[in-house]
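Please explain how this structure is put together. A guided account for a first-year student would be welcome.

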Number of protein chains: 4
Amino acid sequence: MKRDKPKYKQIVDAAVIAIAENGYHQAQVSKIAKEAGVADGTIYLYFKNKEDILVSVFREKMSIFTQNLETIIEKETTASVRLLKMIENHFRVLHEDRHLAIVTQLELRQSGKQLRLRINEVLREYLNLLDGILKEGIERKELDESLDIRLSRQMVFGTIDETITSWVMNEQKYDLIELSPKVHRLIMKALQP
Amino acid sequence: MKRDKPKYKQIVDAAVIAIAENGYHQAQVSKIAKEAGVADGTIYLYFKNKEDILVSVFREKMSIFTQNLETIIEKETTASVRLLKMIENHFRVLHEDRHLAIVTQLELRQSGKQLRLRINEVLREYLNLLDGILKEGIERKELDESLDIRLSRQMVFGTIDETITSWVMNEQKYDLIELSPKVHRLIMKALQP
Amino acid sequence: MKRDKPKYKQIVDAAVIAIAENGYHQAQVSKIAKEAGVADGTIYLYFKNKEDILVSVFREKMSIFTQNLETIIEKETTASVRLLKMIENHFRVLHEDRHLAIVTQLELRQSGKQLRLRINEVLREYLNLLDGILKEGIERKELDESLDIRLSRQMVFGTIDETITSWVMNEQKYDLIELSPKVHRLIMKALQP
Amino acid sequence: MKRDKPKYKQIVDAAVIAIAENGYHQAQVSKIAKEAGVADGTIYLYFKNKEDILVSVFREKMSIFTQNLETIIEKETTASVRLLKMIENHFRVLHEDRHLAIVTQLELRQSGKQLRLRINEVLREYLNLLDGILKEGIERKELDESLDIRLSRQMVFGTIDETITSWVMNEQKYDLIELSPKVHRLIMKALQP
DNA sequence: TATGAATGAGCGTTCATTCAT
DNA sequence: CATGAATGAACGCTCATTCAT
């Protein structure tokens with residue numbers, strides 16, 4: 001409820017760790033509380049219920065991607081570079097936070113339908129930015145004007161998502177970031193005029 | 001354990017319906033048993049535990065995709081047509097079985113890490129066939145020889161998967177099958193020399 | 001749900017003992033289950049929830065009073081004797097079951113409003129029989145015809161109830177049954193023409 | 001602990017309102033504090049614990065009945081008139097304070113055994129005055145000399161209490177005060193020589 | 001084989017009370 | 001005196017699994 005108090009972020013971060021280390025279904029509220037160094041009851045001063053913690057985790061962390069992407073769109077002008085930076089950003093953030101990668105790619109997807117829907121609302125914002133990049137790219141003739149926006153977005157996001165999930169499932173053995181140019185090249189080939 | 005007895009398939013089919021109609025977390029063993037028309041205890045004569053039912057659901061249903069894809073590879077010779085037929089097949093099977101679509105795209109993903117790993121083993125077989133198509137296409141110069149197989153596979157599967165999930169989440173409002181040529185065209189652009 | 005199975009009565013009786021010995025708020029479901037010699041979960045095969053156990057306790061036990069009173073009304077013909085037998089019956093049943101007396105007079109009254117209302121529905125049946133005795137007594141000129149039925153019923157039941165509660169609160173030190181004629185005489189004086 | 005400070009009465013009054021409006025089990029300390037316009041912690045400067053608040057509520061409010069009854073005994077001389085005035089007083093006070101009526105007749109009875117015993121101590125004072133009226137009435141031959149004091153008291157109080165509870169449960173739909181003469185007449189018939 | 005009654009471990013949430021400020 | 005953020009113990013209920021018949 002009080003999202004600016006330090007304890008709020010403290011609990012969100014603890015939740016990421018607890019879920020990553022124990023799995024979604026084994027991340028009991030008491031474990032999150034212990035990880036955060038607060039009492040069980042304290043959780044409920046900052047969150048309505050357990051689902052609220054999980055949505056908050058997603059919203060707080062997803063905002064990193066969204067904010068970075070907004071900055072990228074401001075700084076860069078071509079669709080191609082914007083997409084490259086977007087991929088790099090997406091890969092880098094998750095590469096640098098193993099726990100977060102596990103949580104977003106594997107654990108949070110185990111949530112029930114209700115939670116999934118609320119998570120998708122948050123994701124929508126990120127995808128809207130991606131749509132914007134694609135639309136502007138088409139207007140500027142940088143991208144193939146016969147492209148279907150929705151389908152293109154699904155390809156871009158689906159490819160990125162599948163690449164990361166594969167990497168997480170392989171226990172993050174290889175370097176994800178250096179895949180960026182290859183992924184970018186593949187995607188651009190599909191999108192170019 | 002006895003996978004050929006009719007009751008085995010009966011329970012697997014009941015599980016698909018129970019999960020699709022109630023959601024993963026509300027598909028209790030007793031509901032599956034009732035849907036199958038057997039007693040709760042009977043389930044355990046055919047399956048080791050609940051997870052075993054779910055893995056079996058995935059294996060039995062995934063084999064439809066795999067078998068169809070094997071036939072496609074036999075009949076068709078070019079990578080492009082094979083991929084088109086593969087997309088069409090994938091879309092058609094799920095378009096014709098609403099329950100199965102919901103289960104594979106949404107519900108089964110809510111399972112724990114252990115189950116997901118076992119499901120991925122089953123999926124591997126399908127992806128291996130896809131890898132084969134890509135490899136042969138490259139050898140025959142039909143596809144860009146600089147392609148990274150894993151990355152390409154992730155793009156193809158990621159795009160297909162994301163497209164279907166979007167469709168399911170939109171309550172299957174539009175026609176999935178007629179998206180096939182557009183998805184195929186997009187993918188081929190990325191893969192072509 | 002299955003009220004005729006022996007385990008149903010077993011649990012109801014266990015609940016009376018558990019509540020009498022521990023108090024309403026300390027009679028956890030697990031204590032009732034232990035007292036009944038069944039597992040916690042078994043309770044829920046026979047009762048919808050904890051409230052359902054408590055309503056059942058009251059209904060099952062109250063039916064003793066109601067059935068006895070019906071027999072008394074059949075056998076006896078005058079209002080005076082019927083009331084005497086009713087008082088004797090009420091006192092005797094609770095005198096012979098210390099636990100039940102504690103539960104009905106003290107513990108069950110601690111229940112929430114919802115439960116209280118449901119308990120009152122059960123009690124209504126008993127009070128309706130009492131109303132019948134009073135009405136018939138008035139018609140036969142055995143009782144004062146200027147009596148207000150509701151008020152008279154409240155006096156009769158209020159006096160009986162208060163007498164028993166006092167006895168329970170005094171730790172059942174004196175003999176309740178032998179109070180019957182005195183209570184009867186007092187009540188009859190008020191009701192007689 | 002400081003019962004004369006204004007904040008003490010402020011909290012007691014807030015408790016009556018909070019309990020009447022929310023029910024006994026939903027009248028959390030925090031709600032009482034809010035209703036009283038003080039912080040949760042402040043409650044504990046004036047009361048030992050929650051039970052102490054509730055006993056105080058009963059003691060403070062019961063003193064109204066007791067004081068009025070003492071005045072009545074001083075002013076009136078016959079047992080019959082004293083009882084009539086007592087009934088009228090009891091009915092009037094609760095008729096004029098809906099919240100208090102709900103709290104004393106319904107909500108406060110949901111308290112645990114410990115609290116009920118302490119409440120009964122407070123009630124004893126009132127009942128002692130009633131006993132005095134009855135004893136003096138018998139000595140003066142206004143009442144039947146064969147009466148058992150305790151039993152008579154139980155009848156008088158039981159009838160009054162049951163009448164009020166019925167009225168509260170019927171959502172205070174009819175006029176309670178005008179029942180006084182009828183209740184008085186019924187009781188006097190039982191007590192008269 | 002098939003049954004289904006019985007089991008019991010496991011967990012999200014509430015709320016009276018405390019105590020540092 | 002007053003505050004209100006923090007505490008943590010306590011409990012009803014579910015459901016996968018077993019086993020006597």
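**A guided reading of the model**

α8(D) and α9(D) cross in a right-handed manner. The model in which this crossing is seen is a predicted one. The two helices, α8 (residues 149-169) and α9 (residues 180-191) of chain D, have axes that come within 11 Å and cross at roughly 165°. Angles over 145 degrees count as roughly antiparallel, and α8(D) is therefore roughly antiparallel to α9(D).

The residues that bring these helices together can be named. From α8(D) come Ser152(D), Met155(D), Val156(D), Thr159(D), Ile160(D) and Thr163(D), and they meet Val183(D), Ile187(D), Ala190(D) and Leu191(D) of α9(D). Sorted by class, this contact holds 7 nonpolar and 3 polar residues, and no charged residues.

The discussion now turns from one chain to a pair of chains. Between chain C and chain D, 27 residues of the former are in contact with 27 residues of the latter. On the chain C side, α8 (149-169) and α9 (180-191) each supply at least two residues. The largest share of that side, 12 residues, belongs to α8(C). The side of chain C that touches chain D consists of 9 nonpolar, 11 polar and 7 charged residues.

How are two copies of a chain related in general? They are related by a rotation about an axis and a shift along it. For this pair, a turn of 179° and a shift of 0.1 Å along the axis lay chain C on chain D with an RMSD of 0.2 Å. The two copies are thus related as by a two-fold rotation axis. Both copies use the same surface, since 93% of the contact residues of chain C recur in chain D. Which residue of chain C comes closest to the rotation axis? It is Gln110(C), whose C-alpha lies 1.6 Å from the axis.

The last part of the account concerns the DNA. DNA strand F is surrounded by 32 residues, of which the closest are Gly41(A), Thr42(A), Asn49(C), Ala39(D) and Gly41(D). Several helices each supply at least two residues of the surface near this strand: α3 (40-46) of chain A, α2 (29-36) and α3 (40-46) of chain B, α2 (29-36) and α3 (40-46) of chain C, and α3 (40-46) of chain D. By class, the surface near DNA strand F divides into 10 nonpolar, 12 polar and 10 charged residues.

How values were computed
Residues are numbered from 1 along each chain as its sequence is written. Chains are lettered from A and ligands numbered from 1 in the order in which they are written. This is a predicted model: local features need pLDDT of at least 70, side-chain atom pairs count only at pLDDT 80 or more; totals for chains, interfaces and linings use all residues. A residue is near a molecule or strand if its C-beta atom, placed from the backbone, lies within 6 Å of it. Helices (H or I, at least four residues) and strands (E, at least two) are DSSP runs, numbered from the N terminus. Ala, Val, Leu, Ile, Met, Phe, Trp, Tyr, Cys and Pro count as nonpolar, Asp, Glu, Lys and Arg as charged, and the others, Gly among them, as polar. Axes are lines fitted to C-alpha atoms, for helices over the stretch in contact, and angles run from 0 to 180 degrees between N-to-C directions. Angles under 35 degrees count as roughly parallel, over 145 as roughly antiparallel, 65 to 115 as roughly perpendicular and the rest as oblique. A crossing is left-handed if the near helix is turned anticlockwise from the far one by less than a right angle, and right-handed if clockwise. Two residues are in contact if their C-beta atoms, placed from the backbone, lie within 7 Å. Copies are superposed by least squares on the C-alpha atoms of residues with pLDDT of at least 70 in both.
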